[in-house]
Amino acid sequence: MSFFIGCAVWAYKGWVGELFPPGTRPADFLHLYSRRFTTVEGNTTFYAIPNQETVARWATDTPPGFEFCLKLPRDITHNQQLQPYIPDALKFIEVMRPLGKRLGPIFAQLPPSYAPTLLDDLTAFLSAWPHTEIPLALEVRHRDWFKEPHASNLKALLEKLGVGRVLLDSRPIYTGDDDPQLQSERRKPKLPVQFSITAPFSLIRFISHPNLEINQPFMAEWVTQIQQWLQQGKRIYFFVHCPLEERSPNTARHFQKLLEQNGVKVPPLPWDNLDSPPNQLNLW
């Protein structure tokens, strides 16, 4: 497949009765999630590294074609410098190898404190990554990375090494007078969106507004961009977040339908092929 769509997590109890059938046990969340979406942004590995038995269970719980896009642990990415943690990053890859073909691109999310002054450190880290074996994507959050000459320097580095770009779009939640993040545990940064791809693949993290209508103009932009990139042979992973996580699955499903309605050639959403899908959330 060249297009994958999903959410930030698979284990969310608030989806029981909506995405998951009533009475679903937490142990069955991944099995059911992976038969509704085609990928997941594995935020769980940012906080703790699972043991090999858990990783092996992830592989057996999910169908062929499903892919995990796992986040590097914060103990690697959030300690001021990356180079000292190259051995830890390589060990992380080894722990994830049992996923086999279900292992999609791993991504490194750098903190807002990681500035372009650390370009040499970043270059050393990215150069040590086994890109031919495991794709790597990068998300930067320091605002100077989006300014020249740093933006061009970063783009050139990622293109040279074949590192994908994580494209964060938080515009919907900063649109309008209300702040849907007020009740959210983890607020998302307000950063420029750069519609550029630096590798044969890219990860898009779409931070959606709980009000579906507010997302529409931004979704329309992504439909156009994704269509162009797919026509160029790129592989796209699209993840829907929301400050109200209950809304994420149906917002993702809505975006899938927008792609289909606009003639974008994407694989069918497994959720749509279920004989008795759960009730849809009321997005309005």
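Over which residues does pLDDT stay under 50? I looked this up before anything else: the stretch is 277-284, and the model has 24 contacts beyond four places in sequence for it. pLDDT is the predictor's confidence in each residue, from 0 to 100, and a contact means heavy atoms within 4.5 Å. The protein chain averages a pLDDT of 92, and 93% of the residues score at least 70.

Ground rules for my notes. This is a predicted model, where local features need pLDDT of at least 70 and side-chain atom pairs count only at pLDDT 80 or more, while totals for chains, interfaces and linings use all residues. Residues are numbered from 1 along each chain as its sequence is written, and side-chain values use heavy atoms, with hydrogens and water left out.

Entry on α6 and α7. I took α6 (residues 119-128) against α7 (residues 150-161): their axes come within 11 Å and cross at roughly 15 degrees. Helices (H or I, at least four residues) and strands (E, at least two) are DSSP runs, numbered from the N terminus. The axes are lines fitted to C-alpha atoms, for helices over the stretch in contact, with angles from 0 to 180 degrees between N-to-C directions. The pair is therefore roughly parallel, a label for angles under 35 degrees (over 145 is roughly antiparallel, 65 to 115 roughly perpendicular, the rest oblique). On the α6 side I listed Leu119, Leu122, Thr123, Leu126 and Ser127, and on the α7 side Asn153, Leu154, Leu157, Leu158 and Leu161. By class, that contact has 7 nonpolar, 3 polar and no charged residues. Here Ala, Val, Leu, Ile, Met, Phe, Trp, Tyr, Cys and Pro count as nonpolar, Asp, Glu, Lys and Arg as charged, and the others, Gly among them, as polar.

Just ahead of α7, I checked the loop between β5 (136-139) and α7, which holds Pro149. The peptide bond from Glu148 to Pro149 is cis, with omega near 5 degrees. Most residues other than glycine have a negative phi, and most peptide bonds are trans. Gln80, in the loop between α4 and α5, has a positive phi, near 75 degrees. Gln80 counts as exposed because its relative accessibility is 70%; the cut-offs are under 20% relative accessible area for buried, over 50% for exposed and partly exposed in between (1.4 Å probe, protein chains only).

Entry on α5. Its buried residues are Ile86, Ala89, Phe92, Ile93, Val95 and Met96. Their cover includes α2 (44-47), α3 (52-61), β3 (67-70), α4 (74-77), β4 and α6.

Which residues does Lys101 touch beyond four places in sequence? I found Phe66 and Glu67. Lys101 is in the loop between α5 (86-96) and β4 (106-109), and it is exposed at 78% relative accessibility. Phe66 turned up again with Ser34, which contacts Asp61, Thr62, Pro63 and Phe66. Ser34 sits in the loop between α1 (29-33) and β2 (39-42) and is buried at 2%.

Entry on two strands. Ile204 of β7 (residues 201-207) is buried, with 0% relative accessible area. Its C-alpha lies 6.1 Å from that of Leu168, 36 residues apart in sequence. Ile204 contacts include Trp222, Trp229 and Phe238. His241 in β8 (residues 235-241) is buried too, at 4%, and its contacts include Glu41, Lys188 and Arg205.
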